[in-house]
Amino acid sequence: MLDIRIDTKRYPDRSGRPHLALSGLRMQVARGEFVCVVGPSGCGKSTLLGIVGGLDRACAGAVSMDGAAPADLGFMFQEPRLMPWMSVLDNVLLVVPDAVRAQARPRALELLRAMELGDVLDAYPGRLSGGMMRRVALARAFVNEPALLLMDEPFVSLDSPTANRLRAMLVAQWRRCGASVLFVTHDLREALALADRICFLSPSPGRVVFELAVDLPRPRDPSGAQLDGLHAQLLARHPELLAGLPAAREE
Ligand code: ADP
Ligand code: MG
């Protein structure tokens, strides 16, 4: 169980005064659970992931996983963050500790084949499309078989068929490896397509204001009637939650 308690997280603003980015945020993620965090731009979603991932320790609060600091993490960010001078395969192996890199190679190859990148293992990122680069980043996020996967709007600015294909690949790998996932997005439809549960954050300073268990069967069709129905129901019942989010996409 991942247990997140952030009492306050402050940044200095431009004049050096503290600006409150998160306040009174509580969240739990069960082992193997897929939780999406939805909230408007600037509410502190990336800040939250940075704290959970141990990249940012300057806050009042505590984050633990089964009683200890979260270890065994996988990350995926908005930008694929590939090294341009390294091959596709080496970009995936980059995050594997030296001592176990040789052992991890078959798993990296298997993941890249599952991402349909088996033909470009030796290519450099400059030759790849945006969607292919994200698939490399997705393979890299899973290569250490993480207990916890932290994803920060990883499919933003892709066209919708490409994003849907990547979402299906993500769900397939998540189900195979059983990681807990904390996935940040400002796209409610994306959250409904992916999550076991959605935590909605308030506008800045962010805290959880509503939680929703998503009981739709998988695989889910992101533009299917069931998801449409749930989306419309949420908009009607909780319009305040969606204030600040981009309007629903027409697909
Ligand atoms: P989100 O990911 O939800 O868009 P962020 O976590 O990036 O939001 O930012 C939350 C708030 O904290 C915003 O007001 C942002 O301007 C501020 N912020 C984020 N990172 C920094 C930083 N490194 N220094 C100062 N302020 C920051
Ligand atoms: Mg962000």
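**Cysteines and aromatic contacts in the predicted model**

The structure holds 0 disulfides. It is a predicted model, and the cysteines make a handy place to begin. For a disulfide, the two sulfur atoms would have to lie within 2.5 Å. The cysteine sulfur closest to that of Cys36 belongs to Cys199, and because 9.3 Å separates the two, they are too far apart for a bond. Cys177 has Cys36 as the partner with the closest sulfur, but at 16 Å this pair, too, is too far apart for a bond. The surroundings of these residues can be read from their accessibility: Cys36 is buried, with a relative accessible area of 0%, whereas Cys177 is partly exposed at 23%.

Attention now turns to the aromatic side chains. A pair of aromatic rings is described by the distance of the centres and the angle of the planes. Searching the whole structure yields 5 aromatic pairs. One of these joins Phe34 to Trp174 in an edge-to-face arrangement, with 5.2 Å between the ring centres and 85° between the planes. Phe34 belongs to strand S3, which spans residues 34-38, while Trp174 belongs to helix H5, which spans residues 160-177; the pair therefore ties together parts that are 140 residues apart in sequence. Both partners are shielded: Phe34 is buried at a relative accessible area of 0%, and Trp174 counts as buried at 7%.

A further pair brings Phe155 together with Phe183, and here the geometry is tilted, with the centres 6.0 Å apart and an angle of 50° between the planes. Phe155 sits in the loop between strand S6 (148-152) and H5, and Phe183 is part of strand S7 (residues 180-185), so this contact ties together parts that are 28 residues apart in sequence. Phe155 is buried, with 3% relative accessible area, and Phe183 is buried as well, with 0%. Taken together, Phe34, Phe155, Trp174 and Phe183 are linked by ring pairs into a cluster. For a reader following along in the viewer, this cluster draws on residues of strand S3 and helix H5, along with strand S7 and the loop between S6 and H5.

Aromatic rings in this model also meet charged side chains. Lys9 lies over the face of Tyr11, at a distance of 4.6 Å from the ring centre. In a second contact of this kind, the ring of Phe77 has the charged end of Arg81 sitting over it, 3.8 Å from the centre of the ring.

How values were computed:
Residues numbered from 1 in each chain as written. Chains lettered and ligands numbered in written order. Predicted model: local features only at pLDDT ≥ 70, side-chain atom pairs only at ≥ 80, totals over all residues. Heavy atoms only, no water. Buried < 20%, exposed > 50% of the residue type's maximum accessible area, 1.4 Å probe, protein only. Phe/Tyr/Trp six-rings, centres within 6.5 Å; stacked < 30°, edge-to-face > 60°. Helix = DSSP H or I, 4+ residues; strand = E, 2+ residues; numbered from the N terminus. Lys NZ or Arg CZ within 6 Å of the ring centre and 35° of its normal.
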